[in-house]
Amino acid sequence: MASRSLRARMLMVFLLLLAVIVIVTLVTVQKATYRHSTGQVQDHARTSAIVVKDKIQNRSRQLESALATLAKDFNTKQLIAGGKQDPESLLIALRNHQRRINADLSWVTDADGELLTMTQDLPASQLTRQLTETSPIMWRFIDGRYYLLQGVAVRFVESSPRVNAWLFAAVEGSRLITPELVTLTDMQISLFSPAPEHQLIASSFSPAQASQLESKTLNWTPGLHQVSLSPAEQSSEFIYATSDIGSSTQGPLKLVLATIADKAYLSYNSLIGQLILILAIAGLLALGAAVIISNGISRPLTRLVGVTNKIRKGHYVDDVPKSTTLEIASLSTAIDEMQQGIKQRELEIQQLAYFDSLTGLPNRNQFNQQLQRLVDDRHDPVVVMMMDVDRFKDINDTLGHNIGDQLLNKIASRLSHIELDNLFVARLGGDEFGLIWFGDTSHTPKSLANQVVDAFRTPFDIEKLRLDLDLSIGVAVYPQHGDSPANLIQCADIAMYSCKGHHRAFAIYRPELNKYSVQRLSLMSELRSALSEGQLQLYYQPKVLLDDGNVSGAECLIRWIHPVHGFIPPDQFIPLAEQTGAIRDVTHWALNEAMAQQQKWSQAGLELNVAVNISPLDLVDMTLPELVSHLFSQYPDNLGGLTLEVTESAVMGDPDTAIKALEKLKTMGVILSIDDFGTGYSSMAQLKKMPVDELKIDKAFVLDLATNAEDQVMVNTLLSLAHHLDLKTVAEGVEDEASLTFLKQAGCHKAQGFYMSKPLPAAAFDDWIRQAQDRPV
């Protein structure tokens, strides 16, 4: 009887426990499911808002692209230039363009904001005169309606910074809420004017429901809200969310996304019904199981289960429950030993995960976490220093990795003993170390870097060896140089690598140090296609004989007119071409283009020499003479000859190969010129070996020649040297008559520069040379 009574009591406990579990589970799951469904509705609303904004933004970009194309059209520019004299023609063109781009309104203003013409008779005072905003979605309230606006500047000369006029186009806001958007988002979409009026601009609701929606006092705060509208297909209750969209002079417009409440929570209602059924079945099964296992349940086991659950969650206990039962006592001992083993392994994992095994310093993971905490706390200032040891690989290769490891330990020790408060030191890998200083304004980035450099002025003594180390340290400062750990580390790395080859111990990041911008990477990939698409052009700057003022030839200068970035200077894309190997294609194109143009001049009776610059990579490429030979046979009528200009550094990089290539070119009749002479490091002995015909004096010595005595001495010296070596001379950078006179009196043979003419495209050069024939310089 006692056994049955105990069992009955235990079953009663099980039944009560089961009931509580079912109720708690039902309530908990119901709340969690509701939160999940609400979250799904919110995510749907956010995603739908993004879709709507993207669609409207894409429409705005279409307007901008169409306007940009129109603004570059030569006929349009002519119509705008004569807009005040002939506004009707401009208006016809504007209406045609408006119809093509499916806009509702277009207008043109001049550079001062004066309206030239518009496609509708609307108040001119409400129209935008100039575009100063950069928002991707811009709205304007014009004559009682909101319009999506875009405008572009018109420049009569594309390369000029001056804006000559403005083109504008607008689409009425009510046309932007389309059935396509409703299908894409599966939500009803409404657009309201800015606060405080919040008038309805457009809606996908039926007219009756849209009118009700406008009359309601909507909740404009973030989150989900409810509103009653009738009639509806299934329910009069709607769930809606609001979002700002675009910008206007009155503020951002309001986007309202709504869906039927029953539809929004359909999965939630279905899931609750299924959950009740599952819990009922589970309750019956649990009751049957309780009858079977009731006699096997005991308190020590329950406590041990609790302990193991805590250990599973990472909460260790000091007192594992004991028992006089042998089996349970053995289980308690096993759980305690398991807990101690997990503790030990976690300590080892912690050490491996966050500390460097060689030096004991924090590793890269801990370095990144420390920097992230400081950025999250918005600590100002934070100075990040990336440091590595110059030529550390040579030490490893020469003395062995054992010496290298000892050296790294001593470097870590020295860094750790720098007397700076709030200094965090980490080894990031190899010979690279990272330092973070997060103090106050008592130290400047420069003073901090100097303290690190000072710590390494004393040599290192390792196994009777004395090693002097050179460091490269890059410095970046939060928040000036970056607002995230990744940006700060990247900036510090860029500054560190800028020290290499410049014999500087440290460098503080500057934007101009970043040679790996997105635009640079883009240009590297676009350079080859620029040749095939005709984006590269040759400009010609005349070379004038100083004894009679006649033009002897021209230097060919490459210009890249990029369709997006506009004019790209050669000193930006030529190094990219050399890095990617595209310089050979560029040189081949330039030689072919120059000789083709020279043949046209020859056929017109002009005997002009063309000079083309070649890079060091071209010079050591023994296929260059073959190309020149092929071009000579392709353009046999050229009268003026070909000059190839090479820099001193190009010859000095691989003198044997370079001189061999130059000699082969010279035997073919090519005139060879040393460009930028006087700025490199050529030796006189090396210069004697070069089979060159002329020296080109760098513009650095010519620009201030008329007033700078030192430049005059240098030019006289270079001219004397060329005279003794029986070489012709060309001076570049002549910008005034006094400099030209000095060069003529000093015995220089030729000159070029802006005083005579700037570099010109072929057609303009033809006009210039005809004038120069009648009136020598």
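A residue counts as buried when its relative accessible area is under 20%. By that cut-off, buried residues make up 44% of the 777 residues in the protein chain. The model shown is predicted.

**Figure 1. Overview of the protein chain, with 25 helices and 27 strands.**
The chain exposes about 40700 Å². Carbon and sulfur atoms supply 53% of that area. Contacts reach far along the sequence: of those between residues at least 6 apart, 63% join residues at least 24 apart.

**Figure 2. The largest nonpolar core, with 73 residues.**
Leu591, Leu642, Leu644 and Leu743 have the most contacts inside this core. Helix α17 (residues 583-603) gives the largest share, eight residues. In soluble globular proteins, nonpolar side chains tend to be buried together.

**Figure 3. Close-up of the surroundings of leucine 644.**
Residues up to four places away in sequence are left out of this view's contact list. Beyond them, Leu644 touches Leu591, Val612 and Ile614. Leu644 also touches Leu665, Val670, Ile671, Leu672 and Ser673. Leu591 appears here as a contact of Leu644, and both are among the core residues with the most contacts.

**Figure 4. A nonpolar core of 39 residues, apart from the largest one.**
Among its members are Ala49, Ile56, Met187 and Ala202. One of these, methionine 187, lies 8.6 Å from isoleucine 260, C-alpha to C-alpha. In sequence the two are 73 residues apart. Isoleucine 260 sits in strand β10 (residues 253-260). Its relative accessible area is 13%, so isoleucine 260 is buried.

**Figure 5. The β3-β4 hairpin.**
Strand β3 (residues 138-142) runs antiparallel to β4, and five bridges join them. Isoleucine 142 has arginine 145 of β4 as its bridge partner. Two residues lie between the strands. In the turn, aspartate 143 has a positive phi of about 55°.

**Figure 6. Strand β4 (residues 145-154) and its pairing with β5.**
Eight of the 10 residues of β4 are buried, so the strand is largely enclosed by the rest of the structure. Strand β5 (residues 165-172) pairs with β4 in the antiparallel sense, over eight bridges. Tyrosine 147 stands opposite glutamate 172 in β5. With β3 also joined to β4 by five bridges, β4 has pairing partners in both β3 and β5. In a regular strand the side chains alternate between the two faces of the sheet.

**Figure 7. A nonpolar surface patch of about 350 Å².**
Met12, Leu15, Leu16 and Leu287 make the patch. Helix α1 (residues 2-72) supplies the largest share, three residues. Methionine 12 lies in this helix. With a relative accessible area of 47%, methionine 12 is partly exposed.

**Figure 8. Salt bridges of glutamate 645, with lysine 543 and lysine 696.**
The side chains of lysine 543 and glutamate 645 meet at 2.9 Å, N to O. Lysine 543 is in strand β18 (residues 536-545), and glutamate 645 is in strand β22 (residues 642-647). This pair links distant parts of the chain, 102 residues apart. Both residues are buried.
Lysine 696 also forms a salt bridge with glutamate 645, and their closest N and O atoms are 3.1 Å apart. Lysine 696 belongs to strand β24 (residues 694-697), 51 residues from glutamate 645. Lysine 696 is buried, as is glutamate 645.

**Figure 9. The salt bridge between lysine 666 and aspartate 693.**
The closest N and O atoms of this pair are 2.6 Å apart. Lysine 666 is in helix α21 (residues 655-667). Aspartate 693 is in the loop between α22 (684-689) and β24. The two residues are 27 apart and link distant parts of the chain. Lysine 666 has a relative accessible area of 34% and is partly exposed. Aspartate 693 is partly exposed too, with a relative accessible area of 23%.

**Figure 10. A salt-bridge network.**
Salt bridges that share partners join Lys543, Glu555, Glu645, Lys696 and Glu732 into one network. Glutamate 645 is shared by two of the lysines, through its bridges to lysine 543 and lysine 696. The count of salt bridges in the model comes to 18.

Note on methods: Residues numbered from 1 in each chain as written. Predicted model: local features only at pLDDT ≥ 70, side-chain atom pairs only at ≥ 80, totals over all residues. Heavy atoms only, no water. Helix = DSSP H or I, 4+ residues; strand = E, 2+ residues; numbered from the N terminus. Buried < 20%, exposed > 50% of the residue type's maximum accessible area, 1.4 Å probe, protein only. Contact = heavy atoms within 4.5 Å. Areas by Shrake-Rupley, 256 points an atom, 1.4 Å probe, with all protein chains shown as cover. Core = buried A, V, L, I, M, F, W, Y, C linked by side-chain atoms within 4.5 Å. Pairing = 2+ DSSP bridges. Patch = residues over 30% accessible without salt bridge, like charges linked within 9 Å, V, L, I, M, F, W, Y side chains within 5 Å. Salt bridge = Lys/Arg side-chain N within 4 Å of Asp/Glu carboxyl O.
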